[in-house]
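Trainee: I'm new to reading structures like this one. Could you walk me through the contacts step by step?

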Amino acid sequence: MKLVFLGPPGSGKGTYASRIAPKLGIAHVSTGDILREAAAAKTPIGLKADEYMKVGKPVPDKIMADIIKNRLKASDCINGFILDCPYNVAQAQAVDVVNRTRIDIALNMVVPQNVLIARLTARRVCQKCGEIYNLRTKILPKVEGICDKCGGLLIHREDDKEAAVKVRLAIYEERARLMLKYYAEKGKLVNIEWKKTDVPPGEVDIPPDIMVEKILKILRKFK
Ligand code: AMP
């Protein structure tokens, strides 16, 4: 299966993709991860991309198109992949060129704005290793403020504070609008809605396992 996962920051797409890909025996291809790997390997493209990532700007489409195309040709993508995620129509088209193309489904996570804000502002990140915790969903470290993995300090990133989160969500919406239209017009777009009725009693949010099951059920219908 060739899948694209779409959704705003905080929608859970990366978490769901990383759990679903192994269950389907396909690769999880995260554009952010590919870029970080290229930057760490100090390849010419990686170094160029790093200049944008450092300041939180999207990496230009021309660089992204090459990076995505190369990654999707790797052997672990032979049985399929979950791409998480193209930023715009130009990147979606680059994926389509590589596959000539049959993206089977573009799954779009639809989550209410207040839930996204609550999730993102509750994030705490390890300054040292990048491990993510969440005060809302109770993904907490054993010792308050200290990373379980490396002992680093947990911080509230500036771009996870409410004003910055609202800006990030608005930027996403603007960027994603035409891409959603692109997939909808191809008949590939499937929306996965966050529903209050899926929140278990006594919890504040839908646990990832429940969403993963919901997504797998939808995917089985398309197989
Ligand atoms: P992420 O890991 O998804 O939060 O992405 C980290 C950074 O990588 C972003 O702030 C962008 O600079 C860059 N990036 C990730 N994916 C893309 C993409 N599809 N297009 C352009 N830039 C991207």
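Mentor: We'll go through salt bridges, then the ligand, then the cysteines. Keep in mind that this is a predicted model.

Trainee: How many salt bridges are there?

Mentor: For a salt bridge, look for a side-chain nitrogen of Lys or Arg within 4 Å of a carboxyl oxygen of Asp or Glu. By that rule, the count here is 18 salt bridges.

Trainee: Which residue does Arg-19 meet in a salt bridge?

Mentor: Arg-19 pairs with Asp-209, at 2.8 Å from N to O. That pair links distant parts of the chain, with Arg-19 in helix 1 (residues 13-24), Asp-209 in helix 8 (residues 208-222), and their positions 190 residues apart. Arg-19 itself is partly exposed, at 35% relative accessibility.

Trainee: And what about Lys-214, which residue does its side chain meet?

Mentor: Lys-214 meets Asp-198 in a salt bridge, at 2.6 Å from N to O. This one also links distant parts of the chain: Lys-214 sits in helix 8, while Asp-198 is in the loop between strand 8 (189-193) and helix 8, 16 residues apart. Lys-214 is partly exposed, with a relative accessible area of 22%, and Asp-198 is partly exposed with a relative accessible area of 22% too.

Trainee: Where do Asp-33 and Arg-36 lie?

Mentor: Both are in helix 2 (residues 31-40), three residues apart, which is about one turn of the helix. Their side chains form a salt bridge at 3.0 Å, N to O. Asp-33 is partly exposed at 35% relative accessibility, and Arg-36 is partly exposed at 48%.

Trainee: Which residues are linked in a network of salt bridges?

Mentor: Find Arg-123, Arg-157, Asp-159, Asp-160 and Arg-168: salt bridges link them in a network.

Trainee: Let's turn to the ligand. Which residues surround it?

Mentor: Start with the residues around it, then pick out individual atom pairs. Those surrounding the ligand include Thr-31, Gly-32, Leu-35 and Arg-36, along with Met-53, Lys-57, Tyr-87 and Gln-91. Helix 2 gives the most to this shell, with four residues. Sorted by class, the shell has seven nonpolar, three polar and two charged residues.

Trainee: Which ligand atom does the polar side-chain atom of Thr-31 lie 2.7 Å from?

Mentor: A nitrogen atom of the ligand. Arg-36, which we met in the helix 2 salt bridge, has a polar side-chain atom 2.9 Å from an oxygen atom of the ligand. With Cys-85 it's the backbone instead: one of its N or O atoms lies 3.1 Å from a ligand nitrogen. Overall, the protein covers 75% of the 480 Å² of accessible area that the ligand has on its own.

Trainee: You mentioned a cysteine. How many disulfides should I count?

Mentor: A disulfide is a covalent bond between the sulfur atoms of two cysteines. To count one, you want two cysteine sulfur atoms within 2.5 Å. The count here comes to zero.

Trainee: Why does Cys-77 not form a bond with the closest cysteine sulfur?

Mentor: Because that closest sulfur, in Cys-85, is 16 Å away, which is too far for a bond. Cys-77 is buried, at 5% relative accessibility.

Trainee: How far is the sulfur of Cys-129 from the closest cysteine sulfur?

Mentor: The distance is 3.8 Å, to the sulfur in Cys-150, and that is also too far for a bond. Cys-129 is partly exposed, with a relative accessible area of 40%.

Note on methods
Residues numbered from 1 in each chain as written. Predicted model: local features only at pLDDT ≥ 70, side-chain atom pairs only at ≥ 80, totals over all residues. Heavy atoms only, no water. Helix = DSSP H or I, 4+ residues; strand = E, 2+ residues; numbered from the N terminus. Buried < 20%, exposed > 50% of the residue type's maximum accessible area, 1.4 Å probe, protein only. Near = heavy atom within 4 Å. Polar contact = N/O pair within 3.5 Å; in protein donor to acceptor, adjacent residues only side chain to side chain. Areas by Shrake-Rupley, 256 points an atom, 1.4 Å probe, with all protein chains shown as cover. Nonpolar A, V, L, I, M, F, W, Y, C, P; charged D, E, K, R; others polar.
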